[in-house]
Each structure stands twice: as C-alpha cells, then as structure tokens.
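The questions below ask how a few labels follow from the numbers. Each answer sets a value against its criterion.

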Amino acid sequence: MTRDPFKRKVVIAGVAESDCGHEVGLTILQHQALAAKRALDDAGLRKSDVDAVMAVDFLGLPSLQIAEYLGIRPRFTDTTVTGGSAFENLVEHAALAIAAGLCNVVLITYGSTLWSDRRRVIEGGGVDPRMPAAQFETPYGDLSPIAAYALAAARHQHEFGTTSEQLAEVAVATRNWAALNPRALIREPITVEDVLRSPMIASPLRRLDCCVMTDGGGAVIVASAERARDLRRPPVYVLGSGFCSTHLTISQMANLTTTGAVESGRRAFAMAGVAPADIDVVEIYDSFTISVVLALEDLGFCAKGEGGSFVAGGRLGPGGELPTNTSGGGLSYTHPGAFGIFLIIEAVRQLRGECGARQAPGAELALVHGIGGWLSSHATLLLGR
Amino acid sequence: MTEQSRPLPKPDRDSEYYWAAARRRELVFQQCAGCRRFRFYPRAVCPDCMSDKFEWRRSEGRGVVYSFTVIHRAPTQAFRDRTPYMLALIELPEGVRMMSNLIGCDPAEVRIGMPVKVAFEDASEEITLPMFRPE
C-alpha cells in the first residue's frame, strides 16, 4: 500500500446539487448541467478550466454526453458503473489522474429522474435478462434492491440480536438532521414508534427504514492543489481512498453480515494514516437503515454485531457523539437513484464549516462511504481540511 | 392473458442443463472436476480454481434457511396477488447458497436455520422453478 499517493496534491474545490425533489421538471442532462454550473461557481472556476469529465447517469455514454452538452472537450474521462458507490470511486480515479499529471480540473456529475420515471422503472424490473440475477433471483420476486438489504437485516438480527427499534434509531437520527437542512425533502421529526408503525415493505424493513425517491443531480469539482490554491473556497483534501467489491448478486455474498467495507475502509484509513476515532463527521450511503449499521461495524467505529446498540441513544444525530448523515441522508434529504455524490457534497460543506444549524462542531476530518448494488461495492474516502 | 405470469428465466448456454433438470423435478449443481467444489449459479469456469471442466450432480435438495424476508410490496404487477410471500436464501450441504421462495408454511413458523426441502413449481410450459418447503 502506497502511503498517501495523493500527497496533499488533490482537493475538492467545488460542490453543488441541482434542484432535487419531486415534480422538479428537469431532464437528466439539465440536472447535471445545473449542478455543474453551480459547482463551478462554488469553486470560482470557469468551464474552460475543466479538462476532464466523469459522469454517471443511465443514458449510455454519460461522460461524452454531458461533455458535449456543456461544450467541453475533455482529455480524460471515466464512467465507473459500480452502483451508488461510483462517485467515491470517481473521486479516487480523479485524484489518481491528477496526481499522475494527466489532468488538472475534473468535473464529476450525476443526474436522475428516478421519481418522474418511477412507474416505468418499477414495472420494468430493471435487470437485463442476460444477467444471472434475471434467471436466479428475479423470478422469485426479489423486490430489488430492498429485499437484498432485508435479507442482510434479518440475518444481522438473527446473529447479533439487533432489534428493529435499533434500526429505527438510524432513521430517527437522520430525520433530525434533515429537520436542520432546508434542502431536505422530508423535515418533520419522527420517533422510533413512527418507524415501527410504518408499513412493512420487506421484513424487517419498513417504509421508514427505506430511502426516499426523488429526481436530482449533483456535481463535484476535483482539482490539483496547485490549481486550487487561490480559489474561492478553502480546499478540502482527498487524504485516502479504498474500494472493495465482494459480489454482485446477493446470493453470492459470502457472509450477509460482513461487507466489503472492511477492506475499503482499511485501505482508506491506511492511506490517510488515521483511525475511526479521528473522524469528526461521517457520511454513509443510507439506502436503508441496516446499511448504516453494517458500515459502521465494518469500518471499525464499533465491533461486529454491536452496531445496533452503537446507533441507539441518538449517537448519530444532532448533538451526538458521531455526527452521521448530516444532510438528512438518502432516508430524508434526497435520493435520485444513487446517493453517492451527495455524500461527498455534504462532507465538503461540513469541512468548510458552511452547514449552519446542522454544522458538526470542529469538523476537520470526514469519512465518506458509498455502497453500490446489493451490498456489492464499497468505496471509502477520507477528506480533510 | 389476464393473470400476469412472473418474470421467467431465459435459459442460456450456462444454465440450460439446470433448467432442463428442474423441468424433470431435479435440483442439480455443477461440481468442478479440478478442485471438486460445487458452485451455484451455473457458469463456464470454476470461481475457485478457474477450471473449465465440471460435472452436473443431482442434489437431494435438503438445506437450511440462511436468511428470509417476507415481501409485502410486490416488485411488479405479476407478484401483486402473491403478497405477502417469502423470499429466502437457502444453504445446501454442497456448500452453495441460492435464492428461492419458501412455500407451504406460515411466515410466523419460519426460522433462520430451519431445515427445508426442494419443491418444484411449474411456472410455464417450459420453466419449472425450484422452491423450498419445510421438511
């Protein structure tokens, strides 16, 4: 393992969302263009400064499409399809390309009209018939992706005695953060009882254990520290990164209660030379409440099996010991199909101290953890001032 | 067709033997001729040793529930009349794990670790799906 291959040479210089939510009326490309324009403004950079484009949407050739739409001729592109963790991967890839001198300013974008397209998405089933899952999982009614996470939650409850009340604590803490974020889709506080009374979707996961569905987009500008030296915002350094994929299809996951976050986290911490105890603010892809419990254990914030008691008592919420998913997360803030880019946006704002009522005190070091597929891909970033 | 049928597998070169066996009410797995490990789902090379030699072996189809979930919201129209139904991961003594439905039992009776046995459900003229019911 190379210690700090980025050598404080790579920063995140700009971040922004498009207009996220329901009935926004923007196209997939408009979401990306709007977020890109705002992220460039945030950084104090111009479009002509961008020499690399990394886009993910579901239109086919996304980096080329958004580069054309914006009028950029990139000399480096990447479209990594690892599900919701792709944006943490792309920051790693951008950092490597910048550290290698292949480009200077990377524009990463995402856009989705998941909410507007929901009927088509839901009825379509979504899995290509040539993929094994279409033969061995879809015929059984695998309510993808919820059922895969439900199977992991049921197994975690079986092995460790984790309770549905404990899972609900994640939803409650996240909603308490959303209440402090004017951009969040749902801001009314909820209780553990509210979560337990919400309709069962795939046991043990109920409606309020599941992320919301929205339209939306985001953009992140990664730049060389040299180029970013005199920009508008204080630089946020990419200090460490790690990736691990253990499977794609849920039946192929060796152990449903231990994820690839063990390895992605270990790599990222080793690269940055820090430990979980050093982290001030955590952004974990909360597709479902169980996702956060699994990731906190696997990243080393608590021991395996203790995630349920760890998240109880408001530890993750405002005023808690470990501020987690401070934007309100996928559970309450927004979730346009993939949430990975929004984790980065929020972590950068926290590290800059821009978060007002939801600011985590003294945030100098942030952990961002993306999860893709069916607990399939895990990408960890460590970001710092 | 008024009642929507569930989405059905399209057998391919890796899986045609598996689905033909299921049609005969047999559960079969590939066993690697190199390292002797069993694998599921079917594929052309061993995910342990990369050997492309294998034999098909008939399984007794007796396993245990590794995990299960009761699905209350249908993923597609085809499942709307079936909710709530049980989706499970079944562990077989061959060392493989597969997704299936649990049938012939009440969700309240099901436990992780519970012994189950394969049962076959004809889903169309061509396709029979291996499912599991309590032993």
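Q: What makes the three strands β2-β1-β3 of chain B an open sheet, and which of them stand at the edges?
A: In this predicted model, the strands of chain B lie in the order β2-β1-β3 with antiparallel pairing. The edges are β2 (38-39) and β3 (54-59) of chain B; each has a single partner strand, so one side of each has no neighbour in the sheet.

Q: How do you know that β1 (residues 27-32) of chain B pairs with β2(B)?
A: Pairing requires at least two bridges between the strands. Two bridges join β1 to β2(B), and the two strands run antiparallel. As for individual residues, B:Gln30 has B:Arg39 in β2(B) as its bridge partner.

Q: Why is helix α3(A) called oblique to α13(A)?
A: The axes of α3 (residues 86-99) and α13 (residues 340-352) of chain A cross at roughly 60 degrees and come within 6 Å of each other. Angles under 35 degrees count as roughly parallel, over 145 as roughly antiparallel and 65 to 115 as roughly perpendicular, with the rest oblique. The crossing angle therefore makes α3(A) oblique to α13(A).

Q: Which residues of α3(A) and α13(A) meet?
A: From α3(A) come A:Ala86, A:Phe87, A:Glu88 and A:Val91; from α13(A) come A:Gly340, A:Ile341 and A:Ile344. By class, this contact has five nonpolar, one polar and one charged residues. Gly counts as polar and Glu as charged.

Q: What makes chain A agree with a compact globule?
A: For 385 residues, the globule rule gives a radius of gyration near 21 Å; chain A has 19 Å, so the value agrees. Along the principal axes, the C-alpha trace of chain A spans about 55 × 45 × 40 Å. Of the 385 residues of chain A, 62% count as buried, the criterion being 20 or more other C-beta atoms within 10 Å.

Q: What share of the contacts in chain A between residues at least 6 apart in sequence join residues at least 24 apart?
A: The share is 77%. The chain itself has 13 helices and 11 strands.

Q: How many residues of chain A are in contact with chain B, and which element of chain A gives the most?
A: On chain A, 27 residues are in contact with 30 residues of chain B. Elements of chain A giving two or more residues are α5 (132-136), α6 (146-160) and β5 (200-202). Of these, α6(A) gives the most, with six residues. By class, this side of chain A has 15 nonpolar, eight polar and four charged residues.

Notes:
Residues are numbered from 1 along each chain as its sequence is written. Chains are lettered from A and ligands numbered from 1 in the order in which they are written. This is a predicted model: local features need pLDDT of at least 70, side-chain atom pairs count only at pLDDT 80 or more; totals for chains, interfaces and linings use all residues. Axes are lines fitted to C-alpha atoms, for helices over the stretch in contact, and angles run from 0 to 180 degrees between N-to-C directions. Helices (H or I, at least four residues) and strands (E, at least two) are DSSP runs, numbered from the N terminus. Two residues are in contact if their C-beta atoms, placed from the backbone, lie within 7 Å. The radius of gyration is taken over C-alpha atoms; the globule rule is 2.2 Å times the number of residues to the power 0.38. A residue is buried if 20 or more other C-beta atoms lie within 10 Å of its own, exposed if 12 or fewer, and partly exposed in between; C-beta atoms are placed from the backbone.
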